[in-house]
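Visitor: I have a chain open on my screen and would like to talk through how it is put together. Could you walk me through it?

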Amino acid sequence: MKRNLYILIGIICVAAGALGVVVPGLPTTPLLLAASWLFYRSSPALQRRLLASRLGVYIRNYERRGGMMRRTKVWVCLLMTAMVSLSSLVLIEPLAIKILVGCLGIVGLAVVIFWVPNAKEN
């Protein structure tokens, strides 16, 4: 039961991470890292497939560098801020949804800034 749940959540993380490649503000690397961890615990074969896929480059770069490059973090934060601002100020009508999107954007920024480690400089 636990194994199947990990696999299901891992597949959802991979799908969201793949979507994050093209949707600014959706964190690709953390979702793929979560999927890799879930697959490691439940299905090593799925973890190997993830690492061998095109998405595996995000995981390998993160592991090799020990985090996210500072320049990349700045770029991600700028894109997230721009997309959340555009969404909440222009595209979304109901005030409650605007507030929700703004709060989620702040949480996303906090995760990138404080939780995702900076990569070691070479």
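Guide: Let me begin with a term: residues are in contact when heavy atoms lie within 4.5 Å. With that in mind, and remembering that this is a predicted model, among contacts in the protein between residues at least 6 apart in sequence, 62% join residues at least 24 apart.

Visitor: Okay, and what is the secondary structure of the protein?

Guide: The protein comes to six helices and zero strands, and reading along the sequence gives the pattern α-α-α-α-α-α.

Visitor: What box do the C-alpha atoms fill, taken along the principal axes? And how many of the 122 residues count as buried?

Guide: Along the principal axes, the C-alpha atoms fill a box of roughly 45 × 40 × 20 Å, and 30% of the 122 residues count as buried.

Visitor: Which residues make up the largest nonpolar core?

Guide: That core has eleven residues, namely Tyr6, Cys13, Val14, Leu31, Leu32, Ala35, Leu38, Phe39, Leu50, Leu55 and Ile59. Helices α1 and α2 each supply at least two residues of this core, and the largest share, five residues, comes from α2.

Visitor: Tyr6 is in that list, so let me stay there. Which residues does Tyr6 touch, not counting residues up to four places away?

Guide: With those sequence neighbours set aside, Tyr6 touches Trp37, Leu38, Arg41 and Ser42.

Visitor: Switching to aromatics, how many aromatic pairs does a search of the whole structure find?

Guide: The search finds one aromatic pair. The partners are Tyr6 and Trp37, whose rings sit 5.8 Å centre to centre with 50° between the planes, so that the pair counts as tilted, a term used for angles that are neither under 30 degrees nor over 60. The pair links distant parts of the chain, since Tyr6 lies in helix α1 (residues 2-22) and Trp37 in helix α2 (residues 28-42), 31 residues apart.

Visitor: Why does Trp37 count as partly exposed?

Guide: Trp37 counts as partly exposed because its relative accessibility is 42%, and that class runs between the 20% limit for buried and the 50% limit for exposed.

Visitor: Now the helix packing. How do the axes of α2 and α3 cross?

Guide: The axes of α2 and helix α3 (residues 44-52) come within 6 Å and cross at roughly 150°, which means that α2 is roughly antiparallel to α3. On the α2 side, Leu32, Ala35, Ser36, Phe39, Tyr40 and Ser42 take part, and they meet Pro44, Leu46, Gln47 and Leu50 in α3. By class, this contact has seven nonpolar, three polar and no charged residues.

Visitor: Gln47 and Ser36 are polar names in there. Is Gln47 buried or exposed?

Guide: Gln47, which lies in helix α3, is buried, with a relative accessible area of 16%. Leaving aside neighbours within four places in sequence, Gln47 is in contact with Ser36, Phe39 and Tyr40. The C-alpha atoms of Gln47 and Trp37, ten residues apart along the chain, are separated by 8.0 Å.

Visitor: And Ser36, buried or exposed?

Guide: Ser36, placed in helix α2, is buried too, with a relative accessible area of 6%. Not counting residues up to four places away in sequence, Ser36 touches Gln47, Leu50 and Ile59.

Visitor: Moving along the chain, how do the axes of α3 and α4 cross?

Guide: The axes of α3 and helix α4 (residues 56-65) come within 6 Å and cross at roughly 90°, and the two helices are therefore roughly perpendicular to each other. Leu50, Leu51 and Ala52 of α3 make the contact with Gly56, Ile59 and Arg60 of α4, and these residues divide into four nonpolar, one polar and one charged.

Visitor: Last one: at what angle do α5 and α6 pack?

Guide: Helix α5 (residues 70-91) and helix α6 (residues 95-115) pack at an angle of about 175°, with their axes 9 Å apart, which makes α5 roughly antiparallel to α6. The residues of α5 in this contact include Lys73, Val76, Cys77 and Met80, while those of α6 include Lys98, Val101, Leu109 and Ile113. By class, the residues of the contact divide into nine nonpolar, six polar and two charged.

Notes:
Residues are numbered from 1 along each chain as its sequence is written. This is a predicted model: local features need pLDDT of at least 70, side-chain atom pairs count only at pLDDT 80 or more; totals for chains, interfaces and linings use all residues. Side-chain values use heavy atoms; hydrogens and water are left out. Rings of Phe, Tyr and Trp (its six-membered ring) pair if their centres lie within 6.5 Å; planes under 30 degrees apart count as stacked, over 60 as edge-to-face and the rest as tilted. Helices (H or I, at least four residues) and strands (E, at least two) are DSSP runs, numbered from the N terminus. Buried means under 20% relative accessible area, exposed over 50%, partly exposed in between (1.4 Å probe, protein chains only). Axes are lines fitted to C-alpha atoms, for helices over the stretch in contact, and angles run from 0 to 180 degrees between N-to-C directions. Angles under 35 degrees count as roughly parallel, over 145 as roughly antiparallel, 65 to 115 as roughly perpendicular and the rest as oblique. Ala, Val, Leu, Ile, Met, Phe, Trp, Tyr, Cys and Pro count as nonpolar, Asp, Glu, Lys and Arg as charged, and the others, Gly among them, as polar. A nonpolar core is a set of buried Ala, Val, Leu, Ile, Met, Phe, Trp, Tyr and Cys residues joined through side-chain atoms within 4.5 Å.
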